[in-house]
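These are my notebook entries on a few local features that I looked up. The structure comes before the entries.

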Amino acid sequence: MTARPTPRATPSHRRPGRRPLALALAVAATVTAGACGAGSEVGASPSASAVACEITAPTSATTVNILAYNSAATDPFTNVLTSACRSDTLTLNHPATDLTGQKQRAVQSLSGSSASYDLVEQFGTVYPLYADRGWTVPLDDYMTKYSSTFALDKLDPTLLAAHSYDGKQFGLPTYWSVNQLVYRKDVFDKLGLKPPTTFEEMRQAAKKIQDAGEIRYPLAIPMAPANDIQGLFGQTIRSLGGDYFEAGKPVPAIDTAAGREAVTELKSLLPYMSPQTLSFSSPEVTTQLQTGQAAMGMLVTGRLSPLVDAAKSPQAGNFAFATPPAVKSGGKPLSFVSVDGFAVAKNSKVDPDLLFQLAAVATSEQAGRSALPDALPARLDLIDTSAIPFAANAQEVLATGPKPLNPVPYMADVYSVIGAPIGDAVSGKQSVEAALAEAQSTAVEAIANAGYAQ
């Protein structure tokens, strides 16, 4: 199998406790499951049902419940399972949910004595928590067993490593995203502008567009406190050389000189953005760009497909893509890599071998092809950069080595509580000093409540 990069060391203050998995159902000879009607509540595409599902089918009636939030990027992979893998003995259920619902349901299901969901979609802020608590199954032995069957060596090793923890593999990646700068090439060419490489250049470009009089708020970036501002804040801190936590410690580094500078830099962008920007998530930013209300923005790869779809965007042919700017010259670009994938619930009563095979089908070559262009699959060789306008730049950003959000088990808890005070700091609702002090204290409390001692 392709060698994987060594994962980041796990802190020694992990919360202990792994529960044994109850094995319930035997499996028999390998057969191809029939491509029956979709079991998902989300409609499957014809390409999803055409995927071969060559798994070891259960000999007795088995139901697999899948937890995965609904989006254009995630649905193709789930639809492959619900459309292609159902058989006389295998039922797959995929109840509809949003991202917030997935987070809540996952913790409730994985932490209980018996799983409500057997196969769980996971991503950067949550997978370390699931792995550290012993809620998900290490997959290394299954990967060795099925490497040839599912061509697992074709998964990109960097993206595969994004779901490793404490030296073990705890998920199979389906797709990935990086942050990208989106800009209207027609507007930039008309005004003699180049894609900005720093915040100062971005402010200058935005002001020139604003002064031209056609676009009042030329810059659009997701800043909603629920899921966006804390990620943007973290990227800004990293660009300035800081981070969310003190090195190797469960100690937040939010109320710091780098944190205060990060807020100041983000506030400097507000004059060029909609007054509602602090309530905007990615869909609202996408709409601003589609409708010509903005000429420049930052979005993750999984949100870009609608922009270049002529049926959805009047400006589809005018968008170009570039590496996001750094805060200052010489700093790191404002980007990160986010890798989604499937994990196997340890408290599931379903045979984990079967669940692994389903996860492998979801990340197969055929599944990856069915997801294009809405999601860029973890098999990079499937991506035709000539056919997807943003794909080449996405791969260039990925090659620069952007890191995931801190792979520590308390990241999800901290992430969930700091959005509101950081939003207050950027909006001016509180002073920067007071807001960051609140963010620091709530992060400390979240880490303590999660059971991770300093």
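**Entry 1: a buried acid**

I looked up Asp75 and found this residue buried (under 20% relative accessible area, with over 50% exposed and partly exposed in between; 1.4 Å probe, protein chains only). Asp75 has no salt bridge (a side-chain nitrogen of Lys or Arg within 4 Å of a carboxyl oxygen of Asp or Glu). The nearest side chain of opposite charge is that of Arg303, 10 Å away; Lys and Arg count as positive and Asp and Glu as negative, while His and the chain ends are not counted. I place Asp75 in helix H2, residues 75-84; helices (H or I, at least four residues) and strands (E, at least two) are DSSP runs, numbered from the N terminus.

I note that the model is predicted: local features need pLDDT of at least 70, side-chain atom pairs count only at pLDDT 80 or more, and totals for chains, interfaces and linings use all residues. Residues are numbered from 1 along each chain as its sequence is written, and side-chain values use heavy atoms, with hydrogens and water left out.

**Entry 2: the disulfide**

I searched the whole structure and found one disulfide (a pair of cysteine sulfur atoms within 2.5 Å). Cys53 is joined to Cys85, with 1.9 Å from S to S. The two cysteines lie 32 residues apart and link distant parts of the chain. Cys53 is in the loop between helix H1 (46-49) and strand E2 (54-55), and Cys85 in the loop between H2 and strand E4 (90-93). I recorded both Cys53 and Cys85 as buried. The link is right-handed, with 100° about the S-S bond.
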